[in-house]
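Me: Got a minute to walk through this one with me? I'll throw questions at you as they come up.

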Amino acid sequence: MAIRRLAAAPRMTLLAALPLAVAVFIGLLAGPANAAAPRVSVSLISETASIEPGASLWVGLRQRIEPGWHTYWLNPGDSGESPTIDWKLPPGWQAGPIVWPLPERLPVGPVMSYGYTGEVVLLTQLTAPASQPVGAPVTLRGHASWLVCEKTCIPEEADVALTLPAIAAKPADGPGAAAIERARRTVPSPSPWPASFEATPETVTLRVAAPGLRADRIAEVWFLPLRWGLIDHAAPQEATIGERGITVRVARGLLPEAAGAPADGVLVLRERLDQGPVSQAFAIRAIPSGVRVAGPGLSLLAALGLALAGGLILNLMPCVLPVLSVKVLALVGHASDARLVMPRHGLAYTAGVLVSFAVLASALIGLRAGGAQIGWGFQLQSPTVVTLLAYVLFALALSLSGLLVIGAALAGLGHDLASRPGYTGSFFTGALATVAATPCTAPFMGVATGYALTQPPLTGLLVFEAVGLGLALPYLLLSLMPAWRRLLPRPGPWMVRLSQVLAFPLYASVAWLVWVVSRQAGPDGVAFVLAGLLLIAFAAWLHHGARAAAPGRRRLASGVALASVAAAIALGPLVASGPWAAPSRPEPGATGTRSEPWSPRRVAELQAQGKPVFVNFTAAWCITCLVNERVALRSPAVAEAFARKGVVYLKADWTTQSPEIAAALGSFGRSGVPLYVVYPPRGGPAVAVEPRVLPQILSESILIEAVDKS
Amino acid sequence: MQEPLSRRRFVNLTGGSVLVAAAATVLARPRSSLAAAAKVGEPAPDFTAPATSGTPVSLGSYKGKVVVLEWTNHQCPYVRKHYESGNMQALQREATSQGVVWLTLISSAKGEQGYVTAAQADELTRSRNAAPTVVLLDEPGTVGHMYGATNTPHMYVVDRTGVLVYAGAIDDRPTTRRADVEGANNYVRAALAAVAANQPVKTPITRAYGCTVKYS
């Protein structure tokens, strides 16, 4: 570690240089010597004791700064200058950028400086060529220049050098290892939380979606931007910590255009722990509000197209197909008559779909505007809603089985369509199709609904309505085009059998919804749902049997049936509210790749350890998710690929509400599950890598390829 | 000129209004805040400060002319870069020869780096062969705070209509290396050219670089 000082600061006189020269001389005699500039002495230190050909090593420029003086960070603040290192390395060597430890805030009068006092180690990763000959020592040289200020400023510079042996073996720790590790610990780690900011002419409000922080533990919050211009560095920062995360308000900086671009910076949290305060620094990129967070830029037209296509595909999903099929069956039965009745049914059905989509989307957009961290499919996060949906599908299934004839008002699925036009029924079938469709987020829909939720409310609503139109389109077209209907098979007894067969996907859907409740509310919740289903079945039997009975008995039966239904409905909220409502737990005994629960912190930790991470954003009520898990995620080949690459599998379960997961989905421009993300391993402490989003319909090969690329 | 005299004269000459207004601004924001009264794109706030000759000079008296404001501190390495390379003097000559008014301001407080008496300021102009229209002494820092001057050098350009059209660095090489003057993009020169051609200034705001202004 011999360092020779070659250049002196301009202010240095010969007289001042004399003791310095003596000091250097003594230093040389004593062994490794450091350059001794007037205010800062620098040396080059290495984490390893030797150089391995083809491998990287971390070196550090250590600055020892005279008390009262400071050097600067990457963003020096309102004045000053950040240090530079001009590397002069042997041929084939490569140097990374300086990796900056967390600076201090150093207010000087009306300006703010970001810099270092005492001692700092500026990290750089150097890479030796594979052709590096072993045996001979290698000298790594650089020219460092920096500004050091107290109240006045002095530019200083020095040549630094470091000589290490090149050995074809894993190197041992060098004498600088401890200092480099200390410095590395203060380098900001990539933030696991999405961030955005909003700028007015006077203020900038930074929002970091870090929900669940304990406000009473956080002593201080600071945002240090990487560039000058967005915020007034010297102004006080007003931080609040709420349920949804951290908000920092600060006076606006001078550069108007800074508000239109993503703002990179460091968020510093000073946390009070029992063993004393601990500072944590996160590298964040705050997106100007209203701008899409991630993913490909999407025009409104493209979003509408994707939404329409997604809606069309929804028709094929197991939860929607029976509903639609029965509607089509009704068309078959009456293909020839009532020229005007058919189109009207089609329109009523479409209206039902569109209105219910509008209601759902408005509720979603409204709740989000009110701050709720929810997304598409949010309604299924409530066990009550899932329970009621199970009842409705169960009643429908009973009706298809021929065990229950429901009035047109409820479902419009009756066989007597021609005798009773039942437009209301068609309308509600549309509504039912919408409700049943929500668990099946079709491909394309994730991108489109994600886009919808980052747009102004009306644009967002338009995108959701496009999904609805897609869902309604097949039936609408069939009802409007008598010619197309002629392509349908002739009516006959097969229709009764088909509708009975179609009851079974619905029973299956009910079974699945009961399972969802079991994940959301535990065994007691299941008991309530099953009791409710029993009551529904009882009511159906009473209703069915009473049709042929005398008026008095019929009224009694109807009354009891209604009471049963009311009791079943009353059980719905109980499923959710009781003390037995338990949060979902990781699935026990899942085969294939083992997963751990996801948390933003865990992702950051694993990344810091240089491990690739796969995150599965899923929910029990999301059929697409379950299909993907069964088809791709649990396959032995995928498990093998994960193991080969050391990929850590994290599962973010959105079965019940989680603002943290909603925020993470939002950072990828999504508002619903499924979402699959691969984070490649990081190159170094501050080298952030872009996570890769995988398609919503997974296959083994897609997953294995993604993992191999990571 | 003796220093106490100059301060008394300053207070008398500047009159109540500027001082009170500026003091109120400063007092209202005791902890700094760079968002000063001066804003690019808006009329440059008027000020009056004593020249080295003792005569009060106000910005308002130059209405109809383009004005450059240069904050300086002759001991700051960044200022020295531009004076020792001759860059600043050349720019001053280039500007003033085209009728631009060049006001060099010194806001260092007494006892701080860069503080000079009127006589020392004149001597610096002579010895450095500088060519400002006039050097203004802003020892209380009033004008500096009004313009949010944070660095030396910190440059401002006011157009003929009195609107502030540029604020920030002299160029795009924030270093102390003299060699970096060559080939740098000089923002002030570009702003002056734009103003002369009745064009909008392309880069109206930049991060000033240099030493902090040594306010009291």
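Reply: Sure. One thing to settle before the helices: axes here are lines fitted to C-alpha atoms, for helices over the stretch in contact, and angles run from 0 to 180 degrees between N-to-C directions. Also, this is a predicted model.

Me: OK, so at what angle do helix 15 and helix 17 of chain A cross?

Reply: Roughly 5°, and the axes come within 9 Å. Helix 15 covers residues 636-645 of chain A and helix 17 covers residues 700-709 of chain A.

Me: And what does that make helix 15 and helix 17 of chain A to each other, roughly parallel or roughly antiparallel?

Reply: Angles under 35 degrees count as roughly parallel, so helix 15 and helix 17 of chain A are roughly parallel to each other.

Me: Which residues meet there, between helix 15 and helix 17 of chain A?

Reply: From helix 15 of chain A you have A637(A), V638(A), A641(A), F642(A) and K645(A); they meet E700(A), L703(A), I704(A), V707(A) and D708(A) of helix 17 of chain A. By type, the residues of that contact divide into 7 nonpolar, no polar and 3 charged.

Me: Switching to sheets. In what order do the 3 strands of the open sheet in chain A run?

Reply: The order is 4-8-7, with antiparallel pairing. Strand 4 (71-77) and strand 7 (104-108) of chain A are the edge strands, each pairing on one side only. On average, neighbouring strands of this sheet are turned by 45° against each other, ignoring direction.

Me: How many bridges hold the pairing of strand 4 and strand 8 of chain A?

Reply: That antiparallel pair has 3 bridges, with strand 8 spanning residues 111-116 of chain A. Y72(A), for instance, has G115(A) in strand 8 of chain A as its bridge partner.

Me: How many residues does each chain bring to the A-B contact?

Reply: Chain A brings 21 residues and chain B brings 22 residues. On the chain A side, strand 11 (residues 153-165) gives the most, with 3 residues. That side of chain A splits into 13 nonpolar, 4 polar and 4 charged.

Me: What ipTM does the predictor give the complex?

Reply: The ipTM is 0.78, and the pTM is 0.56.

Me: What's the average pLDDT of chain B?

Reply: Chain B averages 86, and 83% of the residues score at least 70. Over residues 1-36 of chain B the pLDDT is below 50, though this stretch has 52 contacts in the model beyond near neighbours in sequence.

Me: Any backbone oddities? Which peptide bond in chain B is cis?

Reply: The one from T152(B) to P153(B), with omega near -5°. P153(B) sits in the loop between strand 6 (151-152) and strand 7 (154-158) of chain B. Most peptide bonds are trans, and most residues other than glycine have a negative phi.

Me: On that phi point, what are the values for N129(B) and N198(B)?

Reply: N129(B) has a positive phi of about 60°, and N198(B) has one of about 55°. N129(B) is in the loop between helix 4 (118-127) and strand 5 (134-137) of chain B, while N198(B) is in the loop between helix 6 (187-196) and strand 9 (211-212) of chain B.

Me: Is N129(B) buried or exposed? And N198(B), buried or exposed?

Reply: The cut-off for exposed is 12 or fewer C-beta neighbours within 10 Å. N129(B) has 11 inside 10 Å, so N129(B) counts as exposed. N198(B) has 8, so N198(B) is exposed too.

Me: Last one: what does V195(B) touch, leaving aside its neighbours within four places in sequence?

Reply: V195(B) is in contact with V66(B), V157(B), D159(B), V165(B) and V201(B). V195(B) lies in helix 6 of chain B and counts as buried, with 20 C-beta neighbours inside 10 Å. V195(B) and V157(B) are 38 residues apart in sequence and 9.1 Å apart in space, C-alpha to C-alpha.

Conventions:
Residues are numbered from 1 along each chain as its sequence is written. Chains are lettered from A and ligands numbered from 1 in the order in which they are written. This is a predicted model: local features need pLDDT of at least 70, side-chain atom pairs count only at pLDDT 80 or more; totals for chains, interfaces and linings use all residues. Two residues are in contact if their C-beta atoms, placed from the backbone, lie within 7 Å. Helices (H or I, at least four residues) and strands (E, at least two) are DSSP runs, numbered from the N terminus. Ala, Val, Leu, Ile, Met, Phe, Trp, Tyr, Cys and Pro count as nonpolar, Asp, Glu, Lys and Arg as charged, and the others, Gly among them, as polar. pLDDT is the predictor's confidence in each residue, from 0 to 100. Angles under 35 degrees count as roughly parallel, over 145 as roughly antiparallel, 65 to 115 as roughly perpendicular and the rest as oblique. Two strands pair if DSSP finds at least two bridges between them.
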